[in-house]
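Biologist: Please take me slowly through one part of this model, the surroundings of the ligand.

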Amino acid sequence: MELCVALDLPSAKENLTLAESLKSYNVWMKVGFRAYIRDGKPFIEALKAINPNFKIFLDLKLYDIPNTMADAAEEIAKLGVDMFNIHASAGAVAMKTVMDRLTPYENRPLVLAVTALTSFDEANFQSIYEKSIDEKAEQFAKMSYENGLDGVVCSTFESRAIKNATSDKFLTLCPGIRPFGEDAGDQQRVATLELANEEGVDYPVVGRPIYKDSDPQQKVEEILNVISTF
Ligand code: C5P
């Protein structure tokens with residue numbers, strides 16, 4: 001299990017200060033909409049300058065027509081990040097087109113597909129997808145697996161079923177982790193680290209419980225201590 005820290009702070013300076021305080025730890029840095037739209041490629045470069053070994057997950061959740069997604073995927077590969085994601089509901093053709101386009105890239109980034117956003121509760125999810133979260137997440141995961149993706153973004157509660165339906169090696173990255181039962185915020189399906197471990201989660205994503213803590217570095221250390229016992 002590898003911790004992924006969401007850099008969702010209001011300025012590049014604050015995100016880089018957080019990254020700086022975590023530079024001696026083996027953690028993933030998650031760069032999302034807020035940071036990437038505001039700070040772009042120079043921000044990725046600044047993270048690498050802090051620690052060239054930081055693994056970077058670009059969480060832009062691509063969703064467009066297949067060719068446009070593949071064009072974007074190629075630009076992401078050129079950025080030199082280690083992981084990015086697309087929306088599974090973009091469909092099988094989009095998945096295949098993206099993966100085909102990345103074939104020439106040695107050390108291509110890992111590609112994950114978002115199944116059901118962790119902010120959905122069952123009723124809101126069904127009002128859009130007309131199936132239960134469990135059922136649809138598994139269907140999206142199988143489609144992702146069959147089209148050569150490396151894994152999915154899901155909640156902890158779907159992780160085990162997804163691995164059973166695909167492969168144990170098919171990666172699950174799960175936001176909505178509240179390591180020590182912190183406030184859920186807008187997340188509907190939250191889990192502790194212990195539960196994430198039981199459900200086979202590969203990458204727990206933690207944002208607010210770290211960056212809103214009075215001592216984020218200490219918090220990361222506490223999380224890594226728990227992970228080291230698994
Ligand atoms: O602050 P919190 O720990 O809830 O942060 C979760 C992070 O994971 C946010 O950056 C959010 O955008 C992201 N995310 C999510 N649900 C998904 C995919 C990504 O919460 N399905």
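Modeller: A residue counts as near the ligand if one of its heavy atoms lies within 4 Å of it. Around the ligand there are 16 residues, and those that come nearest are Asp8, Lys30, Gln187, Gly207 and Arg208. This is a predicted model, in which local features need pLDDT of at least 70 and side-chain atom pairs count only at pLDDT 80 or more, while totals for chains, interfaces and linings use all residues. Residues are numbered from 1 along each chain as its sequence is written, and side-chain values use heavy atoms, with hydrogens and water left out.

Three of these residues can be followed down to single atoms, as polar contacts (pairs of N or O atoms within 3.5 Å). Asp8 places a polar side-chain atom 2.6 Å from an oxygen atom of the ligand, and Gln187 likewise uses a polar side-chain atom, which lies 2.8 Å from an oxygen atom of the ligand. With Arg208 it is a backbone N or O atom that takes part, at 2.7 Å from an oxygen atom of the ligand. Turning from single atoms to the ligand as a whole, its accessible area on its own is 470 Å², and the protein covers 87% of that area, where accessible areas come from the Shrake-Rupley method with a 1.4 Å probe. When you look at the structure, then, you can start from Asp8 and Gln187, whose side chains reach an oxygen atom of the ligand, and go on to the backbone of Arg208.

Conventions: A polar contact is a pair of N or O atoms within 3.5 Å; within protein, one must be able to donate a hydrogen and the other to accept it, and residues adjacent in sequence count only if both atoms are side-chain atoms.
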